[in-house]
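Please look over the sequence and the fold before reading on. The paragraphs that follow move from the ligand site to the nonpolar interior and then to some details of the backbone.

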Amino acid sequence: MADHFAPGERIAVLLPLPLAGTYDYRVPDGMTAAAGDIVEAPLGSRVATGVVWGPGADSVAEMRIRDVIRVRDVPPLSGDLRRLVDWVARYTVHPPGAVLRMVLSVPEALDPEGHVTTLAPGEESTAIRLTPARRRVLAAVERLREPTARELAAEAGVGPSVIDGLVRAGALRTGRRPAPPPPTPAWCRPGPALSPDQSAAAELLRRAVGGGFTATVLDGVTGSGKTEVYFEGIAEALRQGRQVLVLLPEIALGAQWFQRFRERFGVAPSPWHSDLTRAQRRRVWRRVADGTVSVVVGARSALFLPFRALGLIIVDEEHDPSFKQEEGVVYNARDMAVVRARLAAVPVVLVSATPSLETMVNVRQGRYRCVRLPERYGGARLPAVTAVDLRADPPPRGSWLSPPLMEALTATLAGGTQALLFLNRRGYAPLTVCRACGHRLRCPNCTAWLVEHRAAVRLQCHHCGYHAPVPSHCPACNAADSLVACGPGVERIATEVRARFPEARLAVAASDTLTGPAAAAELVRRIEQRELDVIIGTQVLAKGYHFPLLTLVGVIDGDLGLSGGDLRASERTFQLLHQVAGRAGRAKGAGRVLVQTHMPEHPVMAAVTAADRDRFLEAEAASRQEAGMPPFGRLAALIVSCRDEGAADAAAAAFARTAPDDPRVRVLGPAPAPLALLRGRHRRRLLLIADRGADVSGAVRSWLTATPVAREVRIQVDIDPYSFL
Ligand code: ADP
Ligand code: ZN
């Protein structure tokens, strides 16, 4: 297929719009275009930016076809990225333009990178009154050649106002220069001496780089040095002059990861996540496209960056459910990372201490290779995990810490090490009930209880952002002072620990108390420097971190994730408990983990306490296989939603009538979704269950085409659903 287009030729341009396929345009006189070029083209009365996708068709009459306006001065999107857009669109059953919008997420980055303002000695430097601060600035500006204001202020040890004053007085003159490219990571620096297992794994990853597509699972116990090992793969890709993408869940909280990268390679990698400013996003996007940024570490959307010379993709904590994007284009970044690697013919490494069942089945069936790190680095031992049977050892009334956990906590604090109490629930209490009439406080927009946040002094809905003060009277029976908090969240555990151990220095770590990378980095620093004794946290602290002084992990409610009948409830609970347990005892001191549970005999608890992951996965795989559930069968969900309940029901019924007529496909539902009301919309679910070999995306696409629905009804397609809410 032709990739280069001469004047007069027709081209297909994909626009980053949710409703569009490609649009045809003509290349005007004096211009040429190539597939992947980013172009401006007229769309109605406005100018749209899109990407040349291939040759145009003859569907538009010659007199109606319009000319492309210009080709933007930015490197073209690579063929593998364009194929990824088409692939993701087809697989997820979303329009290609909606996927392209994730690629062209920073329109400003199409403009060439800006210049920075610099300072140089001015004319008037002798004629002004010289304070010591001013004198230091004038000396520094001679030393640093054309520094920026910030560099100059730092060198001279003055505030910005001193520099402004000197510019106004004419003693400094401003100029402009292009922003310097970021420093390249020093891949030639030697890494740490590796253990024999680590060396073997690192060697395998190094050999994979440059050798085309391979998928490798790096399966190592917590604390085995997986990060150090894949850093060797990164060093090899850099040596070959290629770019590296690292996907990390909750990247905004990855302070320790950044620090370790800096220690290994001398510079910071480029981050990509939603907490960046627009200017930062613009710079990273442009430099990824230009090829001057060599390592990007990001959340799932980094998958769609326009790498110029991608050489390696790493997915750390590959089992993490947050790789699934649930809004807009619904996709799993872990799975699509494997697709991108295949399309770009580069290796991908999936890293975890608790690989997902999907991934393990791919290993077993020979699609992925696997390297194992069976031991912790440096002689540290895996912690002993014990279940505390809450039926035999219940906490006293109004308390959440059982006697064995209290004892362990007392001993830990007496011994001067740290404890992490884990409860995957934000706020103070998950439910507020009226003692007089039994009324429960509910979100007006969602099928969800309101969660009390005592620190913020309010009730909150965790689904839609609704919040309200705690009422003084029950809204149902009007009884005064009758509302009581039921059950614990992390804030309530903190209150209890504070009451029992008034001397202990403690912090609560949840997504609403760690409001960004800076707050997370500060908490990590306080833990590392022993400024804290007890940390009470949700899953934001469960994974990845390495805190040498942490010797006790207490799981407040080990059963929390097991209710609800979610397909992956057991697998996820196992992963989460195993990961959080893995925070304990990572240095010399032995670690201990106590898991409070009402069902110590449950297979998940048995697997966590015996640390027998493989047997657990075997049993889990057997039961999924028997039920024809993923990864042995395929699922797709349709969520039909509307503000009007009747319209939602009517649309759901229409889908039931047009369900695919194929013996390899079954449809369940429609049924009200567990979150039957979300942000004011009524939701109905249909679940499609198919054989592993069935073309689920194709079936869903035909199903959508065959089912007209009212305009106000929204249909969300979720291929391989993770959330069953
Ligand atoms: P994992 O990611 O497998 O949980 P990490 O990569 O976080 O393990 O390693 C645990 C700790 O051991 C880290 O502090 C890391 O720097 C250290 N470590 C691992 N391997 C080595 C090594 N070969 N030399 C020195 N330190 C190491
Ligand atoms: Zn709500």
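**From the ligand outward**

In this predicted model, a polar side-chain atom of His 546 lies 3.2 Å from an oxygen atom of ligand 1. The nitrogen atoms of the ligand have partners as well: a polar side-chain atom of Tyr 377 is placed 3.0 Å from a nitrogen atom of ligand 1, and a backbone N or O atom of Ala 193 is found 2.8 Å from a nitrogen atom of ligand 1. Taken on its own, ligand 1 has 550 Å² of accessible area, and the protein covers 82% of that area.

The shell around the ligand can be described residue by residue or by its chemical character. There are 16 residues around ligand 1, and those that come nearest are Ala 193, Gln 198, Gly 223, Lys 226 and Arg 260. By character, the residues of this shell divide into five nonpolar, seven polar and four charged. Among the elements of secondary structure, helix 7, which spans residues 226-239, gives the most to the shell around ligand 1, with three residues.

From the ligand site we turn to the interior of the protein. In soluble globular proteins, nonpolar side chains tend to be buried together. Here the largest nonpolar core holds 56 residues, of which Leu 100, Leu 245, Trp 272, Trp 285, Val 296 and Phe 304 touch the most other members. Helix 10, running over residues 333-344, gives the most to this core, contributing eight residues. The core also draws on more than a single domain, since at least three of its residues come from each of domain 1 (4-104) and domain 3 (196-378). Separate from it is a second core of 38 residues, whose members include Leu 357, Leu 523, Ile 527 and Ala 621.

Elsewhere in the chain, Val 604 is found in helix 16, residues 603-610. Is Val 604 buried or exposed? It counts as buried, because its relative accessibility is 0% and the cut-off for a buried residue is under 20%. Val 604 and Phe 304 are 300 residues apart in sequence, and their C-alpha atoms are 36 Å apart in space.

The end of helix 1 and the loop after it repay a closer look. Thr 92 is found in helix 1, where it is buried, with a relative accessible area of 2%, and its side chain reaches the backbone oxygen of Val 88 at 2.7 Å. Val 93 is found in the loop between helix 1 (79-92) and helix 2 (96-103), and at 12% relative accessibility this residue also counts as buried.

The backbone geometry deserves attention too. Most residues other than glycine have a negative phi, and most peptide bonds are trans. Val 93, although not a glycine, has a positive phi of about 60°. Asp 720 likewise has a positive phi, near 55°, and is placed in the segment after strand 33 (714-719).

Two peptide bonds that lead into a proline are cis in this model. The bond from Pro 630 to Pro 631 is cis with omega near 5°, and Pro 631 lies in the loop between helix 17 (613-627) and strand 30 (633-642). The bond from Gly 669 to Pro 670 is cis with omega near 10°, whereas the position of Pro 670 is within strand 31, residues 665-678.

How values were computed:
Residues numbered from 1 in each chain as written. Chains lettered and ligands numbered in written order. Predicted model: local features only at pLDDT ≥ 70, side-chain atom pairs only at ≥ 80, totals over all residues. Heavy atoms only, no water. Core = buried A, V, L, I, M, F, W, Y, C linked by side-chain atoms within 4.5 Å. Buried < 20%, exposed > 50% of the residue type's maximum accessible area, 1.4 Å probe, protein only. Helix = DSSP H or I, 4+ residues; strand = E, 2+ residues; numbered from the N terminus. Domains from an automatic or database assignment. Near = heavy atom within 4 Å. Polar contact = N/O pair within 3.5 Å; in protein donor to acceptor, adjacent residues only side chain to side chain. Areas by Shrake-Rupley, 256 points an atom, 1.4 Å probe, with all protein chains shown as cover. Nonpolar A, V, L, I, M, F, W, Y, C, P; charged D, E, K, R; others polar.
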